[in-house]
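Q: Please take a close look at one arginine and the helix that carries it. Then set that part against the rest of the chain.

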Amino acid sequence: MDYSKKESNKDHYINLGKIYTKRGDTGETSLLNGQSVKKSSIQVEAYGIIDEANAVMGFAKSLVEDEEIKTILTHVQEKFILVGAYLSAGADYDTCVKEKITKQDVEYLEKHIDEYNKRLLPLYKFVIPGDETSSASLHIARTVVRRVERAIVKLSESIKFPAEILKYINRTSDLLFVLSRIEDDNRTINYIKSRLSEALRVGGTDKKIYSFQNLTLENAKRIVTAGELKAKELKKDFVFTVVNAEGNLILQEKMDNAILISVEVSRKKAYTSASLRAATADMAEMIKPGRSLYTLQNDPKYVMFGGGIPLFKNEILVGAIGVSGGSVEEDLAVARECEKEFKKILEGK
């Protein structure tokens, strides 16, 4: 971006004339105030990184599908052109730059940071970019903006800029971090929705539906009894937990020799399946480093390995079963027997 001339009748500083002028062939360029400087100067470096940040944000915007995020990125890109003009004008910014970066511009970023931050899933470890392309591109933009910030701090040692300039750059990097996490979380939500849709397609809705609207204690006891029969076949003792659609306890039963920790684990498996509307075995792959559910792996409410299965009636979640006491494969085998019994109930058998 060439900040050396002001476009007529507009406040942005660009040159829409010839693409090449040959003025830079000697390694020098003209600033917005008319001063000629070496292209190696920190001033040129600073607004050069602004240009780079703007380009990377544009690349990220091309990958993002959320229209609101696209609008925000476009707004920030326009403001970055203005920041570039500030940096090119240097100490003469007050006379060379008509439009200003204001407190309201900073508050615009803070407003969106706060709003999006409320929607985010819990974060327990440093984010490792790369699982989602749009998110990774926003992380690249964030790091380039951080480089802009360092260049402006260095330039401010010799040229004093309004405080809002550095604040705006700082908040932009914070915003890009939050937006990158929103993109990752959206991927997680879409994955769960797709898994649920697949489960519903496989399960079908043409079976005879039993007369209950919610999972009752009687139904829960019957489901657990079926699981106990499978447990005796495996010659192991398990803990069974049945919850309703909200994840609240309906029934928990511990076989005599089941280990104590299985009481808590089975409860968490049932809660996880109800809250995510998916089998815990299907979630195991998604909690690996860099995957979309990675941030949930240390949340104490969730368990992400086999043994939890959601229970659907006519495409409506009515509860979930959680089983713990053996290996992951054994827990899953027993939980599936419970699920089979639930399906028999639906069929009126």
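## Arg146 and its surroundings

A: Apart from residues within four places of it in sequence, Arg146 makes contact with Asn170, Ser173 and Asp174. The model is a predicted one. One of these partners, Ser173, lies 27 residues from Arg146 along the chain, yet the C-alpha atoms of the two are separated by 6.4 Å. Arg146 has a relative accessible area of 28%, so it counts as partly exposed: the value is not under the 20% that would make a residue buried, and not over the 50% that would make it exposed.

The helix that carries Arg146 is α5, which covers residues 133-155. This helix packs against α1 (residues 42-63), with the two axes 9 Å apart and at an angle of about 165°. The angle makes α1 roughly antiparallel to α5, because the cut-off for that term is an angle over 145 degrees. The crossing of α1 and α5 is left-handed. Sorted by class, the residues in this contact are 18 nonpolar, four polar and three charged.

A second helix pair can be described in the same terms. Helix α2 (residues 67-89) and helix α4 (residues 103-117) cross at roughly 155°, and their axes come within 12 Å. α2 is therefore roughly antiparallel to α4. This crossing, too, is left-handed. On the α2 side the contact involves Glu68, Ile69, Ile72, His75, Val76 and Lys79, which meet Asp105, Tyr108, Leu109, His112 and Tyr116 of α4. By class, six of the residues in the contact of α2 with α4 are nonpolar, two are polar and three are charged.

Further along the chain is α10, with 19 residues (328-346). At 1.5 Å a residue it should span 27 Å, and its end C-alpha atoms are 27 Å apart, so the two values agree. Its buried residues include Leu332, Val334, Ala335, Cys338, Phe342 and Ile345, along with the charged Glu330, Asp331 and Glu341. The buried residues of α10 pack against helices α7, α8 and α9 and strands β3, β5 and β6. Just after α10, Gly348 has a positive phi of about 80°.

For the protein as a whole, the secondary structure amounts to 10 helices and six strands. Of its 349 residues, 45% count as buried. Among contacts with a separation of 6 or more, 69% join residues 24 or more positions apart.

Methods. Residues numbered from 1 in each chain as written. Predicted model: local features only at pLDDT ≥ 70, side-chain atom pairs only at ≥ 80, totals over all residues. Heavy atoms only, no water. Helix = DSSP H or I, 4+ residues; strand = E, 2+ residues; numbered from the N terminus. Buried < 20%, exposed > 50% of the residue type's maximum accessible area, 1.4 Å probe, protein only. Contact = heavy atoms within 4.5 Å. Expected span 1.5 Å × (residues − 1). Axes fitted to C-alpha atoms, helices over the stretch in contact; angles between N-to-C directions. Parallel < 35°, antiparallel > 145°, perpendicular 65-115°, else oblique. Left-handed = near helix turned anticlockwise from the far one by under 90°.
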